[in-house]
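Student: I should like to understand how the terms used for a protein model are justified. May we go through some of them, setting each value against its definition?

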Amino acid sequence: MMLGEHLVVETHPDHAISDLRVLAPPPALQTFVRERYADLSTLSTAEYAHVPYVVLLLKAVETWAAANGGAAPSTYKQKQEVKGLIEQFRRVDLQNDVNIDEAKNAVNTSLGLPKPSSSVGELLKAARARVSQLAAEMHGGSVSATGGESKDISLATRRQQLSFWLMAAAVGAFLEAEGQGLLPLGGTIPDMTAHTDTYVALQGIYLAQAQHDLNAVQAHLQQIVAMESLPADLVSTPALKRFCKNAHNLTVTSYRTLAEEGAPETAKLAALSAALDDEASSGALYVMLRAAQAFYAGRSRWPGQCDSEVESDVSMLKQCVTEVTKELNLSTTPMLDDLVSEFCRWGGSEMHNISSVMGGIASQEAIKAVTHQYIPLDNTFIFNGTNGTTATLQL
């Protein structure tokens with residue numbers, strides 16, 4: 001299966017970071033803190049123990065900024081100073097001040113602006129031109145294909161691509177306009193020590209701001225759709241909401257064909273040369289697999305498949321390795337004597353444990369391809385069953 005351009009919105013990062021906008025609080029949040037927590041010293045012990053940690057963060061940052069010319073804490077040292085201010089919030093009469101600990105633990109992850117990463121930023125910048133390109137192809141009829149079913153698949157794929165890039169272009173426009181360099185707010189907040197009504201009120205503030213940002217992104221999207229004369233139903237509101245919520249971790253993987261990987265003029269030789277020196281021997285295994293395929297193509301059997309020809313196959317497989325190395329224009333010939341012998345001893349057999357591992361990996365990648373969730377393997381995957389290591393080579 002050739003995926004071509006694979007677009008992923010829900011990447012499911014290992015360490016998701018909550019967007020609390022401590023350094024750029026929405027107006028409604030500022031009003032909430034000012035009206036309800038103007039003076040923390042006036043709160044009773046029970047009330048103080050349930051001040052949400054986002055409020056403590058806002059108070060500490062406000063105090064720090066006032067002492068530093070209005071700047072925002074950004075360095076590790078500055079964030080440690082904010083932690084010190086939060087520590088000063090402790091009351092001697094309060095035994096269980098969990099909210100103080102929550103605030104201190106959240107300093108490193110919450111004191112940052114929700115700007116796009118370099119990879120996401122490049123994706124958003126390229127989105128508008130990509131929309132125009134896809135729209136031109138659609139209007140020019142280059143999407144159609146022979147055969148009713150294949151045409152439907154092609155059109156569906158193009159609509160899926162347009163949907164993704166339209167949303168990316170709209171978020172990019174929001175970033176330049178209303179967002180002022182910040183991504184749209186997701187709207188969810190983590191659990192925190194607080195009274196139920198306070199937590200619900202906070203959740204409502206973040207949800208309202210997220211809806212405000214979503215409406216702005218939607219307006220940009222409708223404008224782009226009109227300019228490109230595209231169907232109005234390409235992007236649904238739930239899909240756009242999900243896109244905005246996951247805008248921090250968007251990924252696009254552009255796959256290459258086996259022909260591009262194998263041809264010397266289009267192969268990414270730098271990546272292969274670097275892999276020849278890695279400890280996992282992924283580059284050497286790749287060359288060996290290519291040599292074994294060349295052996296099979298010329299003799300219709302795998303090296304060592306016949307017990308009586310194992311020794312003679314060793315020299316022939318070494319010759320195939322040399323030919324593959326020359327074909328790939330590799331500057332150095334990998335030392336593969338041990339691997340050559342192992343490949344001939346292997347004789348094309350299929351070991352159940354290796355097959356099980358590779359089958360599991362293949363099924364996971366198929367699920368990623370169908371659902372467009374989680375980041376797929378990019379290009380060539382190598383599993384070394386001898387030492388249990390894996391490598392992905394972008395060839």
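Tutor: Let us begin with Asn-353, which is found in helix H16; helices (H or I, at least four residues) and strands (E, at least two) are DSSP runs, numbered from the N terminus. This is a predicted model, in which local features need pLDDT of at least 70, side-chain atom pairs count only at pLDDT 80 or more, and totals for chains, interfaces and linings use all residues. Residues are numbered from 1 along each chain as its sequence is written, and side-chain values use heavy atoms, with hydrogens and water left out.

Student: Why is Asn-353 called partly exposed?

Tutor: Buried means under 20% relative accessible area, exposed over 50%, and partly exposed in between (1.4 Å probe, protein chains only). Asn-353 has a relative accessible area of 37%, so the residue is partly exposed.

Student: What makes Gln-161 count as buried?

Tutor: Gln-161, in helix H8 (residues 148-176), has 10% relative accessibility and therefore counts as buried. Contact means heavy atoms within 4.5 Å; not counting residues up to four places away in sequence, Gln-161 touches Glu-5, Leu-7, Arg-130 and Leu-134. Gln-161 and Leu-7 are 154 residues apart in sequence, yet their C-alpha atoms are 7.6 Å apart in space.

Student: Why is helix H3 described as largely enclosed by the rest of the structure?

Tutor: Eleven of its 14 residues are buried, so H3 is largely enclosed. Among the buried residues are Tyr-53, Lys-59 and Trp-64. What covers the buried residues of H3 includes helix H1 (27-36), helix H4 (76-87) and helix H9 (196-227).

Student: How do you know that the length of H3 agrees with what is expected?

Tutor: The expected span of a helix is 1.5 Å times one less than its number of residues. For the 14 residues of H3 (residues 53-66) this gives 20 Å, and the end C-alpha atoms are 20 Å apart, so the two agree.

Student: Why does Cys-344 form no bond with Cys-320?

Tutor: A disulfide is a pair of cysteine sulfur atoms within 2.5 Å. The closest cysteine sulfur to that of Cys-344 is in Cys-320, 9.6 Å away, which is too far for a bond. The structure holds zero disulfides. Cys-344 also counts as buried, because its relative accessibility is 0%.

Student: What is noteworthy about the phi of Ser-229 and of His-372?

Tutor: Phi of Ser-229 is near 55 degrees, a positive value in a residue other than glycine, and phi of His-372 is likewise near 55 degrees. Most residues other than glycine have a negative phi. Ser-229 lies in the loop between H9 and helix H10 (237-245), and His-372 lies in the loop between H16 and S3.

Student: Are these two residues buried or exposed?

Tutor: Ser-229 has a relative accessible area of 53%, so Ser-229 is exposed. His-372 has 17%, so His-372 is buried.

Student: Which element gives the most to the lining of the largest pocket?

Tutor: H16 does, with nine residues. On a 1 Å grid over the protein atoms alone, a pocket is an open set of points where a 1.4 Å probe fits, with protein on both sides within 12 Å along at least five of seven lines; lining residues have an atom within 4 Å of a point. Of the 44 residues that line the largest pocket, the closest to its centre include Leu-289 and Met-358.
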